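Work through the exercises below with the structure in view. Try each task before reading its solution.

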Amino acid sequence: YETCEMLLLKLGELKPKSILEQSQKFYRHTDLFLRLSVYTGQFENAARAAKSLETELDRYRVYIHKSKLVSIQYYLTYVYLGVGDLKNALKSINKTMLVKTDLRMDLQSFARLLNFIIHFELGNADQLEHLYKSTYAFFKNKDKLYKFESIAMKLILKLSKLPPEKEMKRVFLEIKTDLDRISEDPFEKPAFEYFDLISWLESRIEGIDLGKLVRQKI
């Protein structure tokens, strides 16, 4: 992570010679910066830069491939969720899912999971059942699911029924146990990198800030 931070600084110092080079620098720097912030639990640091990054994203949007737009917008959503800024998280996830492309289906799948979690956190009870059905339909069309995704769908189904608080904690513990069992599976590793669902569950179970939990694990 320290090496990555050092190289990001060097990348930031490069002087692009054209608008195309500027857009390339912006995408590569922003995507790595957001992912590094997410992986290290530095959500607050990234959130402070988020508005500026979104302004630049609008500026360079026409020069950036749709697959790259999905990635930046997804990790911006993750950052907003990480600091509890659910209003901007919802705006960002809607932008993510509006990008029409057959690429980055991995992130598009996890965008559906984040979308459900954001609505759950917002208390939008009237939308949860519909979101479960639309997410299930999206996952059903995939050629192959991570076990992670199957377990996530189990969580979404249970939460869509809005169990009472005491039962909800049991659901969180049950899903966390299921995820712990597959966390060392090499095939499942990318899924855990796209979204650290275990830490989100722990934050709900223990009432601890998500960023703090992630930082404790590094």
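**Exercise 1. Describe the largest pocket: how much space lies in it, and what lines it?**

Solution. Start with the volume. In this predicted model, the largest pocket holds about 500 Å³ of space. Next, find its centre. The lining has 18 residues, and the closest to the centre are Y39, F192, E193, D196 and K217. Then ask which elements give two or more residues to the lining. These are α2 (19–39), α9 (165–182), α10 (189–194), α11 (197–206) and α12 (210–217). Last, sort the lining by class. There are 8 nonpolar, 2 polar and 8 charged residues.

**Exercise 2. Examine the salt bridge of E202 and K217, and decide whether each partner is buried, partly exposed or exposed.**

Solution. Take the contact first. The two side chains meet at 2.9 Å, N to O. Now place the partners. E202 sits in helix α11 and K217 in helix α12, so the bridge ties together parts 15 residues apart in sequence. Then check the cover. Buried means under 20% relative accessible area. E202 has 11%, so E202 counts as buried. K217 has 44% and is partly exposed. K217 also belongs to the residues closest to the centre of the largest pocket.

**Exercise 3. Compare the sequence separation in two further salt bridges, K147 with D185 and R170 with E167.**

Solution. Begin with K147 and D185. Their side chains meet at 3.8 Å, N to O. K147 lies in helix α8 (residues 147–160), and D185 lies in the loop between α9 and α10, so the pair ties together parts 38 residues apart in sequence. K147 is partly exposed at 47% relative accessibility. D185 is partly exposed at 23%.

Turn to R170 and E167. Here the N to O distance is 2.5 Å. Both residues are in helix α9, 3 residues apart, so about one helical turn separates them. R170 is partly exposed at 46%, and E167 is partly exposed at 29%.

Now widen the view. The structure holds 18 salt bridges. Some join into a network, which links K154, K158, E174, D178 and R181.

**Exercise 4. Which residues make the nonpolar surface patch of about 390 Å², and where is Y63?**

Solution. List the members: I19, L20, V62 and Y63 make the patch. Then locate Y63. Y63 is in the loop between α3 (43–60) and α4 (66–82). Finally, test its exposure. A patch residue needs over 30% relative accessible area. Y63 has 40%, and counts as partly exposed.

Terms used: Residues numbered from 1 in each chain as written. Predicted model: local features only at pLDDT ≥ 70, side-chain atom pairs only at ≥ 80, totals over all residues. Heavy atoms only, no water. Patch = residues over 30% accessible without salt bridge, like charges linked within 9 Å, V, L, I, M, F, W, Y side chains within 5 Å. Areas by Shrake-Rupley, 256 points an atom, 1.4 Å probe, with all protein chains shown as cover. Salt bridge = Lys/Arg side-chain N within 4 Å of Asp/Glu carboxyl O. Helix = DSSP H or I, 4+ residues; strand = E, 2+ residues; numbered from the N terminus. Buried < 20%, exposed > 50% of the residue type's maximum accessible area, 1.4 Å probe, protein only. 1 Å grid on protein atoms, 1.4 Å probe; cavity = no way out; pocket = protein on both sides within 12 Å on 5 of 7 lines; lining within 4 Å. Points joined across faces, edges and corners; volume = space filled by probe spheres on them. Nonpolar A, V, L, I, M, F, W, Y, C, P; charged D, E, K, R; others polar.
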